[in-house]
Amino acid sequence: MKENTKKGVSRREFLGLSALGLASLTILPSWAVDGVKIAPSDRVVLGFIGLGQQALSDFRGFAGCPGVQVAACCDVDTMKTERFRRRIAEWQKTKGMNERCDKYEFYEDLLDRKDIDAVEVATPDHWHALATIHACQSGKDVYCQKPLAYTIAEGLAMVRAVRENNRVLQVGSQQRSSKEFQKAIELVQTGAIGHIEKIYARVGEPPTPLSLPEMPVPANLNFNQWMGPLNDPKIHYHPDLCPPISLDPEENEKLWGAWRWYQETGNGYTADWGAHMFDIAQAAIGMDGSGPVEFIPKGYNGTEYATMKYANGIVMTEQPYLEHNDTAQGIKFIGDAGWIEVARGYLGCSDPSKVPAEVAGTRPLSKEEQQKRWEEMRKKMAAEGGQRRRGGMAGSYETSAPHMQDFIDSVRSRKDPIAPVEVGCSTNTLCCLVNIARELKRPVKWNPATLSFGDDKEAENHRLYWYKYRNPYSLPYFSKR
C-alpha cells in the first residue's frame, strides 16, 4: 500500500479501488443518553473493526463509559456484522439513542466517516497494523486489541503512525487497569521485596504449524479479505480459523479463533497471554519501551524454560509461578528480600501485611481443584446451552470498563492512556523474539536501544521481524534495512 499521512484517507487511496462515497451516509444529528443530550465536547463516537467475541466483550466495557456512541461496524463475515448491529441497536434503544449502526465489509469505508472519532481494532493480529495505521491517517484514535501486532516491524510502524499523526492509541492490555496488577507493580517499584533477581511469568504454549484441513469457504465470509497481507501459501480456510455463527436463532462461536494457535497466522499463548503477563513484568521492572537483550529457547543446551535476560541482570523465565499449578497464567517476582505473586483476581506476598485485603483476592486453584471446577462449569453450561472457548471462559474480566474509560478520557484530553503504543510495541517485540529464538533453536540477541539484531541476519530475516506482504498490500512507516 502507498503511504499517505493525510487525514481522511479513502479506500480508493489505500488500495486503488473504487470507494463508497459519503453521499449515502447520514451523520447522526442527535446525541442523547437516557433522554439527556450530550455536549459535542463530551461525546466520543466509535466504530468497531473486527466483530468476533472480543469485540462483543469490549463493547460491553465501552457501553458503560458516559458520552460514548457507536455509529458503525465492520467485519469480513456478514453474519457477525449483523449480529453486532443488532446488539448495538438493542443498547441504543435502552439508552434512548438513535438506533443506527452502519455496516461495512471493508474498514477503509468506515474510516471515510467524518463523524467517527475513534475505532476499536479487534481483528486477527495480522490485520492490526494496517487497520491501525490507516485509522491514524484518517484522523481516528485507536483502541487496539493485544498483542499490538503480528510482527516486530508492524509494531514499530504503528508507533510512527500514532506519533506522526498525533493520535491516541490504547492497547487492550486491560491488566494495566486492574487493581491487583497495579498494586504488584507498586510493591516491586517501591522495593517491598528488595532487588529483583528473577521473574517467573507463565503464559502458555507457543504456536504450532498449521495442520487444519482445507474446507469450502461459506458464502457469508470474504476469506480473501480475512487473509489480507498474509502471503503464506499454506494458509487456507477452515472454520476453526474463522469460527462460524448463525442468526435467528442466534448461535455464537463454539471456540475462540484458532488462528492464534498456528505460527502461520498467530503467535500462540506466547503472545496471547504474553501480551498480558510479560507486559506487567516489564512495567514492574521499569522496562516499558525497552526489553531483554538475550532470548534463549526452551531445550537449548538443557534450558528448562524459555529464558529472557535483561542488561541489568534480571532473568525472566516462562515457567509456572505456582508450585501447585503449572498451567495457571501469572507472575512471580523474586527479590533478595521476598517474593510477590500476581494473577487475575489474586495478589500474594511473602509478607502478607504488604497486600491490602481488598486486592488480595483468592490464590489460583490446584490442578485437581481446577479440573473439578471445570467439570461443574461444563455441566452448568451444557444445561444452559452455553459455549466454551480455548484458553478459558469468556468472563467479566474481559469486560474492563476502567481500561475503556481510560481510553475515552485520553481521547478527550489528548494525553497518553495507561497502555500507549510504545508499551504495546515493546511487549509485542518481546513476544515475537521469544518465538524467533524458539524457531531458530538457538539464543538470539536484541538491542532495545537500536531495535536491531546486530549482525544476526538469520534473525533479521525471520518472518516475525518482517515479511513481504501479499499484493497489493505494503506496510507504511517501515523500511527494511
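Helix α6 spans residues 152-164, and its 13 residues reach 19 Å from first C-alpha to last, close to the 18 Å expected at 1.5 Å a residue. Please keep in mind as you read that this is a predicted model.

**Helix α6 and what follows it**

Let us stay with this helix for a moment. Helix α6 is mostly covered, with ten of its 13 residues buried. The buried set runs through Ile 152, Ala 153, Glu 154, Gly 155, Leu 156, Ala 157, Met 158 and Val 159, and also takes in Ala 161 and Val 162. Which elements do the covering of the buried residues of α6? They include α5 (128-137), β7 (141-144), β8 (169-171) and α14 (421-440).

After α6 comes Asn 166, which sits in the loop between α6 and β8. Its phi is near 55 degrees, a positive value in a residue other than glycine. Asn 166 counts as exposed because its relative accessibility is 60%, and the cut-off for exposed is over 50%.

**Helix α14**

One of the elements covering α6 is α14. Helix α14 has 20 residues and reaches 28 Å between its first and last C-alpha, close to the 28 Å expected at 1.5 Å a residue. With 17 of its 20 residues buried, α14 is largely enclosed by the rest of the structure. It is followed by Lys 441, whose phi is positive, near 60 degrees.

**The chain as a whole**

Stepping back, the chain holds 15 helices and 16 strands. Of its 481 residues, 59% count as buried. Among contacts in the chain with a separation of 6 or more, 71% come from residues 24 or more positions apart.

**A helix pair: α7 and α10**

Two packed helices are described by the angle between their axes and the distance between the axes. Helix α7 (residues 179-189) packs with helix α10 (residues 274-284) at an angle of about 35 degrees, and their axes are 9 Å apart. The crossing of α7 and α10 is right-handed. On the α7 side, the contact is made by Phe 181, Ile 185, Val 188 and Gln 189, while α10 brings Met 277, Ile 280, Ala 283 and Ala 284. By class, that contact has seven nonpolar residues, one polar and no charged ones.

Which residues of α7 are buried? They are Glu 180, Phe 181, Lys 183, Ala 184, Ile 185, Leu 187 and Val 188. Besides α10, the cover over the buried residues of α7 includes strands β9 (196-202), β13 (330-335), β14 (338-343) and β15 (346-349), together with α11 (357-360). Just after α7, Gly 191 takes a positive phi of about 80 degrees.

**Three buried residues**

The loop between α8 and α9 is home to Ile 235, and His 238 is placed in the loop between α8 (223-227) and α9 (268-272) as well. A third residue, Thr 307, is found in strand β11 (residues 307-309). The table gives their relative accessibility.

| Residue | Relative accessibility | State |
|---|---|---|
| Ile 235 | 7% | buried |
| His 238 | 9% | buried |
| Thr 307 | 11% | buried |

Leaving aside neighbours within four places in sequence, Ile 235 is in contact with Leu 210, Phe 223, Met 227, Leu 230, Glu 264 and Thr 265. Ile 235 and Leu 212 are 23 residues apart in sequence, and their C-alpha atoms are 9.2 Å apart in space. Leu 212 is also one of the contacts of His 238, which, on the same footing, touches Pro 213 and Met 215 too. The side chain of His 238 reaches the backbone nitrogen of Asp 240 at 3.0 Å.

For Thr 307, a polar atom of the side chain lies 2.8 Å from the backbone oxygen of Tyr 305. Beyond four places in sequence, Thr 307 is in contact with Glu 294, Phe 295, Ile 296, Val 315, Met 316 and Thr 317.

**Backbone points to check**

Most residues other than glycine have a negative phi, and most peptide bonds are trans. Where are cis peptide bonds found here? One joins Lys 146 and Pro 147, with omega about -15 degrees, and Pro 147 lies in the loop between β7 and α6. Another joins Asn 471 and Pro 472, with omega about 5 degrees; Pro 472 is placed in the segment after α15 (457-460).

The segment after α15 also holds Tyr 477. Tyr 477 has a positive phi of about 70 degrees although it is not a glycine. Is Tyr 477 buried or exposed? At 2% relative accessibility, Tyr 477 counts as buried.

Methods:
Residues numbered from 1 in each chain as written. Heavy atoms only, no water. Helix = DSSP H or I, 4+ residues; strand = E, 2+ residues; numbered from the N terminus. Expected span 1.5 Å × (residues − 1). Buried < 20%, exposed > 50% of the residue type's maximum accessible area, 1.4 Å probe, protein only. Contact = heavy atoms within 4.5 Å. Polar contact = N/O pair within 3.5 Å; in protein donor to acceptor, adjacent residues only side chain to side chain. Axes fitted to C-alpha atoms, helices over the stretch in contact; angles between N-to-C directions. Left-handed = near helix turned anticlockwise from the far one by under 90°. Nonpolar A, V, L, I, M, F, W, Y, C, P; charged D, E, K, R; others polar.
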